[in-house]
Amino acid sequence: MEKRFDPASYEDKWQKRWSEEGFFVAEAPSSRPSFCIMIPPPNVTGNLHAGPALQTTIQDLLTRWKRMSGYNALWLPGTDHAGIATQLMVERQLIEEGTDRQSLGREGFLERAWEWTDQHSGNIRVQLDQLGASCDWTRERFTLEEGLSKAVRSAFVRLYREGLISRGEYMVNWSPGLETAISDLEVDMRPVEGKLYHIAYPVEGSDERIVVATTRPETMLGDTAIAMHPEDDRYAHLRDAVAILPLVGRQVAFVADDVVEREFGTGLVKVTPAHDLTDFELGRRHGLESIQVIDRKGRMTPEAGEQFAGLDRFEAREKVVQMLQEQGYLLKVEDYAHNVGHCQRSGVPIEPMISTQWFMDVEGMAGQALQAVASGDLRLIPDSWNKTWDHWLENIRPWCISRQLWWGHQIPAWYTNSGEVFVAASREEAAELAGTDEITQDPDVLDTWFSSALWPFSTLGWPEETEDFKTFYPTDVLVTGFDIIFFWVARMVMTGMHFTGKTPFHAVHLTGLVRDADGQKMSKTRGNTVDPLELVEEYGADAVRFTLAILDSPGRDIPLDPDRMAGYRSFGNKIWNAVRFSLSRVGSATVQESLDVTELAAPERWILSRLSKTAAEVNERFAEYRFDEACQRLYHFFWGELCDWYIELSKPALAGESPRPQVGEVLLTVLDRSLRLLHPVMPFLTEELWQRLPGREAIHPATICLAPYPVGEEAWRDPVTEERMDVFFQIVAWARNLRAELGIPPRDKATLYISSESSELAAFLGRLEAMALPLLRLDAVHFEAAPDGAHSDVVAGVAVGLVVPERELSLEDRERLMAEREKLRAQHQRTLGLLENKAFLAKAPEKVVDQNRRRLEEILERLEILEAGLAADEPGSS
């Protein structure tokens, strides 16, 4: 076996073999229980970043664990057509070529978009393969493929006929940067240091001027009213009056409405129905005219006035303010910090605009989604998200589902020359309904999230009752980032329950945000983004996966520290060396399917008991989505218990110095099960090493991917042996620490004394004497009280003593011990100070106080040992 640990030498090899052999292809139908995860479809335009790498790791871990646990496990992959993102990419390409989409026309542009998609569609698989994803690529889906397009059309037609989709004029979030409507969820509210402008409006037929304040003075050009609260007596005399709109000269009426906050400002507000949602709804209530003064490109319309038409909205703002000031209408300008909606994709401030769009009424579906979580049919993990889920769904508004784009699912609605609309699954059906072939399809496309909302069931063949749908729906768990809980998760739950009557999954594991090592959010502007594939290249996929999984603690963000990744690469190296050593020492021993522990010695009974308990705990932690705790347990068992203790204890027996029954068989069997336990997290390394274990081929399948996942073996559990071995380990640790503190070199042998009031424990420890000698470099172990002059202590209830050979300390050793003594004295003063602090004793938890008391005792014991060692070496001491 190669001495050098090199992940790059085997990772690609195994990913190719797993794929070629079809190990990840699920069955439908199947006699086995099913488990299904749907990949959150990455944008076909995109690359995997740190967040998706985390989610990929967790999804693969779950899928491999379930597959090994006997389930018919399907992890279904696919990509999203990413309407806005893909269209922007293609449009940029066209601009570089000196053309644009209008010049190409819709059909020509779509051809280019499909070419671009085909060129980039394989990137995601390459990246997922490098991370070890065990997807069933025979079932790969794309949100714009024909099968999913059919599902989208079916869903739209059904919702329309149920009265849940309608077309109408409404206030939308308009993105001038993208020239399309966007949903509320696609708007980022960002703090802006703006201005508040106080403007005087003359009251017609009097000398009175009323004052309103606005952050957007350019919109005043579209004002059609001034509003007051109905119970505001200050302005009762104005109920039947009209004001004159400055700069324009148009008459605007006064209206009374409960929406006005009379305590805010002057209690009067300008009303611009075409450019503010609140004003739009107020205008509808009062039958006000809507005057659009800003167009879809963010420029002023002719309705804004000749002097402003064609100006950018922000240029117009400056000109309006200048003219108001010159004409004496601008009374005051204040600094004003407020939140402004920005298009998430383009970064441009959105423009509230009245537009004819398609809307989906989701209020009833939201009620079902609320009930799903309340009843426990759907678990949000962590459940701290439940309140946020409730708040959003209880306050949900109609979803604007149309987009003014070309790339996407074109809305299945056709118009006759007279403007009559017919919604149908095909042009032929629409023509039949209309009674004419002279129909034109709606040019808009659906919001990308509409097709994504159908993902859990459309990918399985819905609306057809396919074998895949019957076998795998509802799916089991969704793993995704918390940032798309409402963009995607809630919408999947709403549509899933509406169309299938079932929640699309039973649980949602919401991961935290992956941050840099200092806890800062990753961003290109900060220069702290991380490419997970570069990390794979440097540390190996298994180290990257283990790091992400062990840091995935519910409700917490993940600080991605390269030092930790290097540490878990070292863990991989430790595993490699452990297997390499074992294979060189076990002789003709082989992996065993089962072991009878009754004839085994204590170390073998101990490691099998610990393995059994670890297997049970890891399965339990995986089931509860506590991947951090499961990985910590795996790490501690393999490194701390198997490598640091059991392999060391096995060395004398394997060398023939103190034989014990079946040591080689136990070691190989433990390695077999340990590698299988680790496989869901570290698939490449475990397959590479597992294939080398002698005898495993006689009892297991050809790949570790399909080998049974270990569970707790009740027959192997031995808590008494575990407890007694723990005493032994504590004694060994005490003696090792003492030797280190006294600076005793390995070549100098010492004598250990052990005295226990329990004859059974004493006999047990006596049987371990042969193992203690090489572990502690002892010349003898005596089971009696330590003589005077020995370094004595009580460890785990056992009196121990160590007699070390007399020798003169070197100057280097003496300086080291003196430095250690000063360090301990400082720690003693700090801990003593705490325990003498009445405020600390009153406020600190009892557990913390007890920990500090025990720490003080340990410090004093270590100081006593150091003082004795230094005193014994003083000139003239004897």
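## Exercises on a predicted model

K470 is partly exposed, with a relative accessibility of 47%. The model is predicted, and the exercises below read from it.

**Exercise 1. Find the salt-bridge partner of K470, and say how each of the two residues is classed by accessibility.**

Step 1. Find the partner. K470 pairs with E467, and the closest N and O atoms are 3.4 Å apart.

Step 2. Apply the cut-off. A salt bridge needs a side-chain nitrogen of Lys or Arg within 4 Å of a carboxyl oxygen of Asp or Glu, so 3.4 Å qualifies.

Step 3. Place the pair. Both residues belong to helix α14 (residues 467-472). They are 3 residues apart, about one turn of the helix.

Step 4. Class each residue. E467 has 37% relative accessibility and K470 has 47%. Partly exposed covers the range between under 20% and over 50%, so both fall in that class.

**Exercise 2. Which parts of the chain does the D60 and R545 salt bridge link, and are its residues buried or exposed?**

Step 1. Check the distance. The side chains of D60 and R545 meet at 2.7 Å, N to O.

Step 2. Locate each end. D60 sits in helix α2 (residues 50-68), and R545 sits in helix α17 (residues 541-550). The two are 485 residues apart, so this is a link between distant parts of the chain.

Step 3. Check accessibility. D60 is at 0% relative accessibility. R545 is also at 0%. Buried means under 20%, so both residues are buried.

Step 4. Set the pair in context. The whole structure holds 54 salt bridges, one of which joins D60 to R545.

**Exercise 3. Describe the salt bridge between E351 and R216, then name the network that includes the two residues.**

Step 1. Read the distance. E351 and R216 meet through their side chains at 2.6 Å, N to O.

Step 2. Place the residues. E351 is in strand β14 (residues 351-360). R216 is in the loop between β8 (209-214) and β9 (225-228). The pair therefore ties together parts 135 residues apart in sequence.

Step 3. Check E351. Its relative accessible area is 0%, so E351 is buried.

Step 4. Widen the view. R216, E218, R313, R317 and E351 are linked in a network of salt bridges.

**Exercise 4. Where does K502 lie, and which residues does it contact beyond its sequence neighbours?**

Step 1. Locate K502. It is in the loop between α15 (485-500) and β23 (507-511).

Step 2. Class it. At 44% relative accessibility, K502 is partly exposed.

Step 3. List contacts. With neighbours within four places in sequence left aside, K502 touches Y473, P474, G496 and M497.

Step 4. Compare sequence and space. K502 and A372 are 130 residues apart in sequence, yet their C-alpha atoms are 9.2 Å apart.

Step 5. Look at two of the contacts. Y473 and P474 are joined by a cis peptide bond, with omega about 0 degrees. P474 is in the loop between α14 and β22 (477-481).

**Exercise 5. Why do the backbone angles of I381–P382, L247 and Y625 merit a second look?**

Step 1. Recall the general rule. Most residues other than glycine have a negative phi, and most peptide bonds are trans.

Step 2. Examine the peptide bond. I381 and P382 are joined by a cis bond, with omega about 5 degrees. P382 lies in the loop between β15 (379-381) and α10 (386-394).

Step 3. Examine L247. Its phi is positive, near 75 degrees. L247 lies in the loop between β10 (242-244) and β11 (251-256). It is buried, at 18% relative accessible area.

Step 4. Examine Y625. Its phi is positive too, about 60 degrees. Y625 lies in the loop between α19 (602-623) and α20 (627-654). It is buried, at 11% relative accessible area.

**Exercise 6. Is E534 buried or exposed, and is T448 buried or exposed?**

Step 1. Take E534. It is in helix α16 (residues 532-539). Its relative accessible area is 53%; exposed means over 50%, so E534 is exposed.

Step 2. Add its surroundings. E534 forms a negative surface patch with D531, E537 and E538.

Step 3. Take T448. It is in helix α12 (residues 448-453). At 15% relative accessibility, T448 is buried.

Step 4. List its contacts. Apart from neighbours within four places in sequence, T448 contacts D80, H81, A82, G83 and I84.

Methods:
Residues numbered from 1 in each chain as written. Predicted model: local features only at pLDDT ≥ 70, side-chain atom pairs only at ≥ 80, totals over all residues. Heavy atoms only, no water. Patch = residues over 30% accessible without salt bridge, like charges linked within 9 Å, V, L, I, M, F, W, Y side chains within 5 Å. Areas by Shrake-Rupley, 256 points an atom, 1.4 Å probe, with all protein chains shown as cover. Lys, Arg positive; Asp, Glu negative; His and termini not counted. Charge placed at Lys NZ, Arg CZ, Asp CG, Glu CD. Helix = DSSP H or I, 4+ residues; strand = E, 2+ residues; numbered from the N terminus. Buried < 20%, exposed > 50% of the residue type's maximum accessible area, 1.4 Å probe, protein only. Contact = heavy atoms within 4.5 Å.
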